[in-house]
Amino acid sequence: MSERNLLMIPGPTNVDPSVLRSMARPTLSHTSGAFANILKETLSGLAQIFQTSGTVLPLAGTGTLGAEVALSNIIEPGDKVLVISGGYFGDRLAEIAGNLGARVDKLEVPWGTVPLKDKVEKLLGAAQYKVMAAVHVDTSTGVANPAKDLASLANARGALFVLDSVCSMGGMDVQVDNWGIDVCFTGSQKALAVPPGLTIVSFNSRALEVRQKRRTPPASYYGDINRWMPILQDPTKYFATHAVNMVYALHESCNMILAESLQKRFIRHQKIASAMRAGLRGLGLKLLCEDQVASDTLTVAYYPSGVHDGEFRKTMTDDYGVTVAGELGPLKDKAFRVGHMGNVNRNDALATLSAIEGSLWKQGYKPEGGAGTLAANRVLSE
Ligand code: PLP
């Protein structure tokens with residue numbers, strides 16, 4: 001029954017069969033007119049999901065490549081960069097900027113919390129930063145950073161704002177143009193509900209201008225937006241081979257997302273996230289972050305004492321067919337992560353809570369039977 005397993009990790013997420021089927025279509029020439037039309041429609045769909053009239057570039061690779069492409073186009077050695085990090089992926093952004101030769105200052109925010117506006121403002125005022133970068137939802141914590149406020153603080157100081165929206169785009173509102181996000185990137189395998197293998201990076205005109213005015217070429221040859229611009233305008237031209245069948249999948253998924261409508265999709269994610277939090281609390285579990293800063297795409301819960309991470313997750317997968325994720329960094333073995341994004345529905349959330357309850361029982365932690373699903377259902381029926 002492997003096809004009925006539920007993937008409730010924070011990416012990759014459950015892929016709709018129609019998206020999987022689209023990938024089985026014959027591989028077209030990457031410069032054919034037929035493929036060019038599919039790519040153009042995909043670009044238009046992505047622009048709507050990113051809520052931007054800027055340039056959107058899908059590339060073969062994962063979210064980490066997206067970070068490299070985003071930063072390498074606008075950072076030159078010696079540039080000052082401020083990175084806000086409240087988790088594992090914020091730290092990664094700082095490392096990538098450092099590898100590009102930037103002079104990086106990192107504002108470290110305790111895991112589970114968001115940065116204080118005053119602190120960010122003060123830091124931005126203390127030096128001439130060319131770029132400020134942050135993660136919208138750090139997948140190690142499930143905290144949603146105030147991306148809109150951070151963008152406006154960076155904009156006010158003339159710093160380019162880069163947002164890692166790997167764990168939010170397509171599941172939470174990310175208004176690239178309205179909020180002033182100069183460069184934004186995501187991966188295919190999370191709320192876009194496509195298998196892993198693509199990253200998508202958007203650039204606005206300000207970021208493109210910074211790329212044009214560079215004194216040195218970007219560290220990434222493949223990810224140089226200048227090399228892709230002619231292809232984005234006319235996809236029958238060649239720079240590097242598109243991941244043709246992955247683009248079919250992205251095309252199909254963009255169509256599904258837009259057919260649902262962004263607004264309805266965001267509301268679905270919000271509802272399921274609050275039900276998941278209520279359900280986990282109903283089981284007596286402590287969550288990593290407060291509701292006011294919690295993302296709609298994943299939730300992190302601490303284990304009650306005596307529950308063993310590896311055994312708990314093995315029971316979840318082997319006995320219930322539901323996979324949740326372990327933690328990273330300082331939270332490893334102390335907490336687990338439930339992803340609820342992309343195609344997630346109410347059944348998935350309730351089945352997951354039920355599997356969590358059963359797996360906790362097996363470990364000797366015995367909340368009142370049904371307490372998790374009861375609390376979640378109360379929220380879902382509101
Ligand atoms: N940024 C965030 C917020 C992520 O959650 C991830 C992966 O989980 C990444 C970046 C890196 O993406 P990838 O694993 O696709 O390279």
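A residue counts as exposed when its relative accessible area is over 50%, and as buried when that area is under 20%, with partly exposed in between. Keep that scale in mind as you click through this predicted model.

**Stop one: Glu108.** Select Glu108, which is exposed because its relative accessible area of 55% is over 50%. Now look for its partner: Glu108 forms a salt bridge with Lys106, and the closest N and O atoms are 3.8 Å apart.

**Stop two: Lys106.** Move your selection to Lys106, which is partly exposed at 34% relative accessibility. Which residue other than Glu108 should you show here? Add Asp91, which forms a salt bridge with Lys106 at 3.1 Å between the closest N and O atoms. Asp91 sits in helix H4 (residues 88-99) and Lys106 in strand S4 (residues 103-108), so this pair ties together parts that are 15 residues apart in sequence. Asp91 is partly exposed, at 26% relative accessible area. Display the three side chains together: Asp91, Lys106 and Glu108 are linked in a network of salt bridges.

**Stop three: Lys362 and Asp319.** Next, select Lys362 and Asp319, whose side chains meet in a salt bridge with an N to O distance of 3.1 Å. Colour helix H13 (residues 346-362), which holds Lys362, and helix H12 (residues 309-320), which holds Asp319; the pair therefore ties together parts that are 43 residues apart in sequence. Is each partner exposed or partly exposed? Lys362 is exposed, at 57% relative accessibility, while Asp319 is partly exposed, at 47%.

**Keep exploring.** How many salt bridges are there to look for? The count comes to 16.

Terms used. Residues are numbered from 1 along each chain as its sequence is written. This is a predicted model: local features need pLDDT of at least 70, side-chain atom pairs count only at pLDDT 80 or more; totals for chains, interfaces and linings use all residues. Side-chain values use heavy atoms; hydrogens and water are left out. A salt bridge is a side-chain nitrogen of Lys or Arg within 4 Å of a carboxyl oxygen of Asp or Glu. Helices (H or I, at least four residues) and strands (E, at least two) are DSSP runs, numbered from the N terminus. Buried means under 20% relative accessible area, exposed over 50%, partly exposed in between (1.4 Å probe, protein chains only).
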